[in-house]
Amino acid sequence: MTHPSPWLYDAIARIEADYHRSADTHLIPLPLPGFAAQGIDFYLKDESTHPTGSLKHRLARSLFLYALCNGWIHQGSTIVESSSGSTAVSEAYFARLLGLPFVAVMPRSTSAEKIALIAFHGGRCHFVDRADEVYAAARAVAAATGGHYMDQFTYAERATDWRGNNNIAESMFVQMQRERHPIPRWIVVGAGTGGTSATIGRYLRYQRHAAQVCVADPAGSVFAAYHRTGDATLTAPGSRIEGIGRPRVEPSFVRTLVDRMEEVPDDESIAGMRLLSRLIGRRVGPSTGTNFVAMLRLAQAMQSAGEPGSLLSLLCDAGERYLPTYHDEAWVAERFGCCAAAADRIEALLG
């Protein structure tokens with residue numbers, strides 16, 4: 001084995017120093033009186049406060065360390081990723097930290113705000129017409145540049161240390177220690193790569209916690225059908241909720257670590273996003289709306305069963321990224337139609 005270069009050691013040290021400059025993200029209680037009176041509590045882990053503004057900051061850090069320690073990234077390597085936005089923003093940040101060029105391969109439909117953030121962090125975008133074209137295009141860009149394709153969809157579930165080491169699951173449980181129900185009944189996440197659900201699911205088993213994992217899956221995603229059938233050859237049209245859902249079964253989605261799937265129609269994701277934004281007094285993104293709908297369904301089932309407990313989910317990113325899109329009435333009406341009936345259904349879940 002050749003001895004690692006001084007550049008490699010310096011690169012790892014830079015990423016670790018960046019981590020030590022960062023505080024943990026907040027765990028926000030969400031008081032919903034109708035549920036709280038029956039012993040059911042809601043919490044949101046606010047991942048929008050990372051330096052790059054989303055949950056994907058954790059993933060990007062892990063992917064970079066994994067690739068560096070595997071000897072896949074070298075001084076001058078072009079970093080390439082297939083991403084609908086947030087992972088690319090975070091990877092662009094870490095690539096700039098290491099002085100490396102970065103290319104994000106993404107659908108043309110990605111929000112302009114995320115594209116601007118990638119450019120702000122020094123990256124450039126390579127666009128494709130359909131979501132299922134990103135994989136081959138990313139491999140081609142990496143080959144043409146002599147670079148490294150990070151491939152979040154394959155490596156997300158293995159790049160993070162699921163036993164602890166300040167992963168998101170460990171952080172959640174430390175922050176829940178003094179709450180009324182410190183071990184959540186349900187932890188609700190979306191799935192883009194599947195890495196977060198895999199990390200949390202493994203951590204729960206390793207720590208022997210009774211909590212269960214629910215994945216909130218948007219319309220058009222393949223994950224719910226795969227969870228039911230186990231058929232990894234299935235495909236789907238793809239999600240219109242940015243950042244979650246996939247048209248194919250990704251290697252990082254481990255179905256045996258997911259206890260329940262909640263399929264959420266697009267209009268309910270939008271309605272959930274709007275309702276939660278009002279409840280906490282600031283805008284959230286559409287994938288957080290999908291999570292919130294699943295939380296309300298689970299809480300209603302607990303309420304019907306007379307079962308107290310807590311539910312915990314993620315505030316994935318800030319809604320300001322979606323002001324011209326999911327938070328714009330005309331844009332939503334054109335793409336999703338009227339969401340008034342969905343809003344009534346979601347409001348009814350509050351009791």
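Helices here are DSSP runs of at least four residues, numbered from the N terminus, and H13 is the one to look for in the opening view, since H13 gives the largest pocket three residues of its lining, the largest share. Keep in mind throughout that this is a predicted model.

**Figure 1. A look into the largest pocket.** The space in this pocket comes to about 670 Å³. Its lining is made up of 35 residues, and those closest to the centre are Ser 84, Pro 107, Ser 109, Ser 239 and Glu 242. Helix H4 (86–97), helix H7 (152–159) and H13 are the elements that give two or more residues to the lining. Out of these, H13 supplies the largest share, with three residues.

**Figure 2. The largest cavity, seen from its centre outwards.** One cavity of 30 Å³ or more turns up in the structure. About 220 Å³ of space lies inside the largest cavity. Look for Leu 55, Lys 56, Gly 243, Ile 244 and Cys 316, which are the closest to its centre out of 22 lining residues. Two helices to pick out around it are H9 and H12, each of which supplies at least two residues of the lining.

**Figure 3. The largest nonpolar core, centred on Phe 42.** This core has 39 residues, and the members touching the most others are Phe 42, Leu 296 and Leu 311. Both strands and helices feed into it: S2 (40–46), S7 (186–189), S8 (212–218) and S10 (309–315) on the strand side, and H11 (266–280), H12 (286–304), H13 (329–336) and H14 (340–349) on the helix side, each supply at least two residues. H12 gives the most, with eight residues. Zoom in on Phe 42 and, leaving out residues up to four places away in sequence, you'll find it touching Ile 28, Pro 29, Leu 30, Leu 32, Phe 35, Met 295, Leu 296, Ala 299 and Leu 311. There's also a second, separate core of 29 residues, with Leu 59, Ala 60, Leu 98 and Met 150 among them. As a rule, nonpolar side chains in soluble globular proteins tend to be buried together.

**Figure 4. Asp 317, tucked into the loop between S10 and H13.** Asp 317 has a relative accessible area of 3%, so it counts as buried. Along the chain, Asp 317 and Glu 47 are 270 residues apart, yet their C-alpha atoms are 6.2 Å apart in space. Beyond its neighbours within four places in sequence, Asp 317 is in contact with Ser 48, Gly 53, Ser 54, Ser 86, Lys 114, Val 284, Gly 285, Thr 288 and Tyr 322. With Tyr 322, it shares a side-chain to side-chain polar contact of 2.5 Å.

**Figure 5. Arg 202 and its partners on helix H9.** Arg 202 sits in H9, which covers residues 195–207. Its side chain makes a polar contact of 2.7 Å with the side chain of Glu 157. Setting aside residues up to four places away in sequence, Arg 202 touches Glu 157, Trp 162, Val 254 and Leu 257.

**Figure 6. Cys 339 and Cys 338, a pair without a bond.** A search of the whole structure turns up zero disulfides. Why doesn't Cys 339 have one? The closest cysteine sulfur, in Cys 338, is 6.6 Å from the sulfur of Cys 339, so the two are too far apart for a bond; the cut-off for a disulfide is 2.5 Å. Cys 339 has 5% relative accessibility and is therefore classed as buried.

Technical notes. Residues numbered from 1 in each chain as written. Predicted model: local features only at pLDDT ≥ 70, side-chain atom pairs only at ≥ 80, totals over all residues. Heavy atoms only, no water. Buried < 20%, exposed > 50% of the residue type's maximum accessible area, 1.4 Å probe, protein only. Core = buried A, V, L, I, M, F, W, Y, C linked by side-chain atoms within 4.5 Å. Contact = heavy atoms within 4.5 Å. Polar contact = N/O pair within 3.5 Å; in protein donor to acceptor, adjacent residues only side chain to side chain. 1 Å grid on protein atoms, 1.4 Å probe; cavity = no way out; pocket = protein on both sides within 12 Å on 5 of 7 lines; lining within 4 Å. Points joined across faces, edges and corners; volume = space filled by probe spheres on them.
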